[in-house]
Amino acid sequence: MKIPRRIEPLVADGLVDAAIRQLMSGKEATVYVVQCGDTLRCAKVYKEANKRGFHKAADYTEGRKVKNSRQARAMAKGSRYGRQEQEAAWQHAEVDALRLLAAAGVRVPTPYDFHEGVLLMELVTDEDGEPAPRLNDVVLSAADARRFHGDLVRQVVRMLCAGIVHGDLSEYNVLIDCDGPVIIDLPQAVDAAANNNARAMLERDVDNLAAYFGQFAPELRDTDYGKEIWALYESGKLQPESALTGVFRAEEGCADVDEVMQIIEAARREEAARQAGRAAAANA
């Protein structure tokens with residue numbers, strides 16, 4: 001096929017030899033199969049912000065680190081430079097997440113290069129060497145649904161142990177190769193410790209998996225792995241291989257009324273002392 005305009009810089013710099021075909025086009029990017037020497041890879045071309053269909057971006061960018069204070073101020077003001085930097089940060093988020101998760105043992109495509117807003121990464125293939133299908137395009141038996149669900153829940157745990165929540169995980173963001181599920185599409189990945197929406201996003205990710213696989217294995221709809229995983233994470237007990245039950249019961253403890261009243265009384269006395277000090281200073 002003709003080289004897409006956005007991939008031309010990669011060809012000029014010797015990173016890509018030819019574009020083979022368009023693989024998919026989504027709300028955030030268009031992905032092409034490209035030839036790199038003797039290897040086929042993916043080139044993910046990110047769409048411009050005004051052409052993306054991804055909503056509530058602010059919920060996902062909360063807590064993301066920026067290079068310096070100048071960049072942060074520009075992004076907060078919404079200046080032209082700030083919008084450019086915000087867009088670059090959005091794109092780099094996926095590259096950074098892929099590298100971190102691959103090192104943590106999460107099954108994600110290997111990233112090779114990021115150049116001129118194009119991510120060059122591994123082409124995930126099936127046993128015949130063809131591009132691996134998305135999960136929603138695969139017919140599942142009940143046994144496969146249980147196996148893939150368990151695999152993906154474990155991947156979610158490993159991601160969280162690495163400090164990341166996918167934020168948009170569903171049957172459309174998972175590929176199935178000969179070894180099982182591979183998680184893709186991570187530009188909206190969030191910092192679990194710095195983003196106030198991380199818990200809700202993780203629970204939604206896990207609920208999405210339960211709802212999808214529950215079509216083939218109905219008992220999965222009754223699991224509650226999301227709350228269980230987050231509770232372990234919040235308590236500092238979550239490990240990549242933590243045993244999970246899929247059952248969650250919130251701890252019900254009685255409030256210590258005496259302790260609460262003591263805190264309130266101490267605060268009241270402290271405020272009274274401050275007011276007395278101000279009055280004495282005014283009289284003086």
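1. Five strands make an open sheet in the order β1-β2-β3-β5-β4, with antiparallel pairing; strands are DSSP runs (E, at least two residues), and two of them pair if DSSP finds at least two bridges between them. β1 (18-25) and β4 (111-115) are the edge strands, each with a single partner, so one side of each has no neighbour in the sheet.

2. The model is predicted: local features need pLDDT of at least 70 and side-chain atom pairs count only at pLDDT 80 or more, while totals for chains, interfaces and linings use all residues. Residues are numbered from 1 along each chain as its sequence is written, and side-chain values use heavy atoms, leaving out hydrogens and water.

3. β1 pairs with strand β2 (residues 29-36) in the antiparallel sense over six bridges. Within β2, Gln 35 is the bridge partner of Ala 18.

4. The largest nonpolar core (buried Ala, Val, Leu, Ile, Met, Phe, Trp, Tyr and Cys residues joined through side-chain atoms within 4.5 Å; buried means under 20% relative accessible area, with a 1.4 Å probe and protein chains only) has 49 residues. Leu 135, Leu 160, Val 165, Leu 186, Phe 213 and Ile 229 touch the most other members. Helix α5 (residues 142-161) gives the largest share, eight residues; helices are DSSP runs (H or I, at least four residues). A second, separate core of 11 residues includes Leu 10, Tyr 32, Val 34 and Val 45.

5. Leaving aside neighbours within four places in sequence, Phe 213 is in contact (heavy atoms within 4.5 Å) with Leu 135, Leu 140, Ala 145, Phe 148, His 149, Leu 152 and Leu 220.

Conventions: Buried means under 20% relative accessible area, exposed over 50%, partly exposed in between (1.4 Å probe, protein chains only).
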